[in-house]
Amino acid sequence: MTSHTVSAAASGTWVLGDLTVNRLGFGAMRLTGSAAFHGGTPSDRGRSIAVLRRAVELGVDHIDTAAFYFSRLRSANELINSALAPYADDLVISTKVGPARDASGGWAESALPDELRGQVEENLRQLGRDHLDVVNFRVMGQDSISEYFGALSELRDAGLVRHLGISNARPEHLAQAEAIAPVVCVQNRYGLDAPDRAGMLGACAARGIAFVPFFSIAGEGGEAGAVRGEHDEVRAVARAHGASPAQVRLAWILGQGSHVLAIPGTGDPDHLTDNVAAGALRLTRDEFRLLDAIGRPSS
């Protein structure tokens with residue numbers, strides 16, 4: 001996996017509304033500290049900026065972030081602004097609203113519908129932009145998101161937001177959102193260790209909507225990262241390709257459909273290159289079947 005020129009373009013492309021992106025993107029959550037939302041050990045600022053610039057050099061043109069991605073000394077949005085502004089015309093930055101953290105980093109009550117404009121404007125200020133390419137509403141247990149999505153639709157009409165998506169959503173949330181405004185993507189937890197119990201992968205495919213999994217490498221570890229030994233099946237496929245287990249996990253994700261985008265995050269330059277290189281890894285049908293069996297109960 002290191003004998004060729006690494007480029008995110010090898011993963012293919014998808015269109016978010018009217019914005020074409022490579023299917024292998026970058027998630028900014030782990031740029032700010034030793035773990036997601038971690039307040040103990042902030043990242044090295046220069047290293048994080050170097051990772052962002054290297055990602056763009058490797059062809060990454062889709063970055064996922066949020067104003068609530070920060071550690072004690074670092075803000076993901078500020079790092080993106082410092083590293084990449086003035087932004088390239090083809091760089092798509094997606095962000096999320098809904099969750100909130102207080103000044104000390106603790107989780108606060110999620111935003112109400114009339115507070116979403118403030119969160120959008122916070123992202124605009126931190127990123128130094130006059131509009132956001134994609135804003136995802138992160139569902140936090142609501143049965144109905146119509147009022148929330150309606151508030152974001154008004155910001156879209158006002159020109160502060162270009163496209164809208166939803167995150168952590170169920171099919172009924174997608175139906176509610178689509179009744180108000182076009183939805184260009186759904187961000188849900190999904191991976192070899194995290195099945196698509198809500199059926200959103202297929203629902204997005206049927207609608208021509210991007211499905212953007214998070215924690216696709218961390219698996220069941222989620223925000224804490226990988227917390228268990230790797231599956232034997234993943235290691236076997238990795239050995240067969242001279243690849244890393246993380247690359248196999250990403251290749252499996254991308255193989256779930258042309259509408260599936262990957263946004264692996266890291267603050268490590270070597271891991272970044274490894275992740276982007278996964279866009280060129282092609283698994284066989286037998287390997288997909290082997291990996292698909294992970295987590296399924298034996299008959």
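**Exercise 1. Ala293**

Classify Ala293 by its relative accessible area in this predicted model, and place the residue in the chain.

Solution.
- Step 1. The relative accessible area of Ala293 is 38%.
- Step 2. Buried requires under 20% and exposed requires over 50%, with partly exposed in between. Ala293 is therefore partly exposed.
- Step 3. Ala293 belongs to the segment that follows α10 (285-292).
- Step 4. For a long-range distance, take Leu155: 138 residues separate Ala293 from Leu155 along the chain, and their C-alpha atoms are 43 Å apart.

**Exercise 2. Overall dimensions**

Compare the radius of gyration of the protein chain with the value for a compact globule of 299 residues.

Solution.
- Step 1. For 299 residues, a compact globule would have a radius of gyration near 19 Å.
- Step 2. The protein chain has 18 Å, which agrees with the globule value.
- Step 3. The C-alpha trace extends about 50 × 45 × 35 Å along its principal axes.
- Step 4. Among contacts with a separation of 6 or more, 74% join residues 24 or more positions apart.
- Step 5. The secondary structure of this chain consists of 10 helices and 11 strands.

**Exercise 3. Surface and charge**

State what share of the residues is buried, what supplies the exposed area, and how far apart the mean positions of the positive and negative charges are.

Solution.
- Step 1. Of the 299 residues, 55% are buried.
- Step 2. The chain exposes about 12800 Å², and carbon and sulfur atoms supply 48% of that area.
- Step 3. There are 28 positive and 35 negative charges, and their mean positions lie 5 Å apart.

**Exercise 4. The nonpolar cores**

Identify the residues that touch the most other members of the largest nonpolar core, and the helix that gives the most to this core.

Solution.
- Step 1. In soluble globular proteins, nonpolar side chains tend to be buried together.
- Step 2. The largest nonpolar core has 84 residues; those touching the most other members are Phe26, Leu52, Ile80, Val120, Leu152, Ile166 and Leu291.
- Step 3. Helix α8 (residues 245-254) gives the most to this core, contributing 6 residues.
- Step 4. A second core, separate from this one, has 12 residues, among them Trp14, Leu16, Leu19 and Ala210.
- Step 5. Take Ile80 as an example. Leaving out residues up to four places away in sequence, Ile80 touches Ala28, Leu52, Ile63, Thr65, Ala85, Tyr87, Ile93 and Leu127.

**Exercise 5. Backbone geometry**

Find the cis peptide bond between Ala85 and Pro86, then describe two non-glycine residues with positive phi, Asn168 and Phe215.

Solution.
- Step 1. The bond from Ala85 to Pro86 is cis, and its omega is near -5°. Pro86 sits in the loop that joins α2 (76-84) to β5 (92-97).
- Step 2. Asn168 is not a glycine, yet its phi is positive, at about 60°. The loop between β9 (161-167) and α5 (171-178) holds Asn168.
- Step 3. Phe215, also not a glycine, has a positive phi of about 60°. Its loop runs between β11 (210-211) and α7 (232-241).
- Step 4. Compare the accessibility of the two residues. Asn168 has a relative accessible area of 35% and is partly exposed. Phe215 has 17%, which is under the 20% limit, so Phe215 is buried.

**Exercise 6. Three loop residues**

Decide whether Ser144, Thr32 and Ile209 are buried or partly exposed, and describe their surroundings.

Solution.
- Step 1. Ser144 is in the loop between β8 (132-138) and α4 (146-157). Its relative accessible area is 40%, so Ser144 is partly exposed. Ser144 and Ala177 are 33 residues apart along the chain, with a C-alpha separation of 9.3 Å.
- Step 2. Thr32 occupies the loop between β3 (26-27) and α1 (45-57). With 0% relative accessibility, Thr32 is buried. Beyond residues up to four places away in sequence, its contacts include Pro42, Tyr69, Phe70, Arg74 and Leu79.
- Step 3. Ile209 is in the loop between α6 (200-207) and β11. Its relative accessible area is 2%, so Ile209 is buried. Outside residues up to four places away in sequence, Ile209 touches residues including Trp14, Leu174, Val184, Cys204 and His259.
- Step 4. Ile209 and Ala67 lie 142 residues apart in sequence, and 24 Å separates their C-alpha atoms.

Notes: Residues numbered from 1 in each chain as written. Predicted model: local features only at pLDDT ≥ 70, side-chain atom pairs only at ≥ 80, totals over all residues. Heavy atoms only, no water. Helix = DSSP H or I, 4+ residues; strand = E, 2+ residues; numbered from the N terminus. Rg over C-alpha atoms; globule rule 2.2 N^0.38 Å. Buried < 20%, exposed > 50% of the residue type's maximum accessible area, 1.4 Å probe, protein only. Contact = heavy atoms within 4.5 Å. Areas by Shrake-Rupley, 256 points an atom, 1.4 Å probe, with all protein chains shown as cover. Lys, Arg positive; Asp, Glu negative; His and termini not counted. Charge placed at Lys NZ, Arg CZ, Asp CG, Glu CD. Core = buried A, V, L, I, M, F, W, Y, C linked by side-chain atoms within 4.5 Å.
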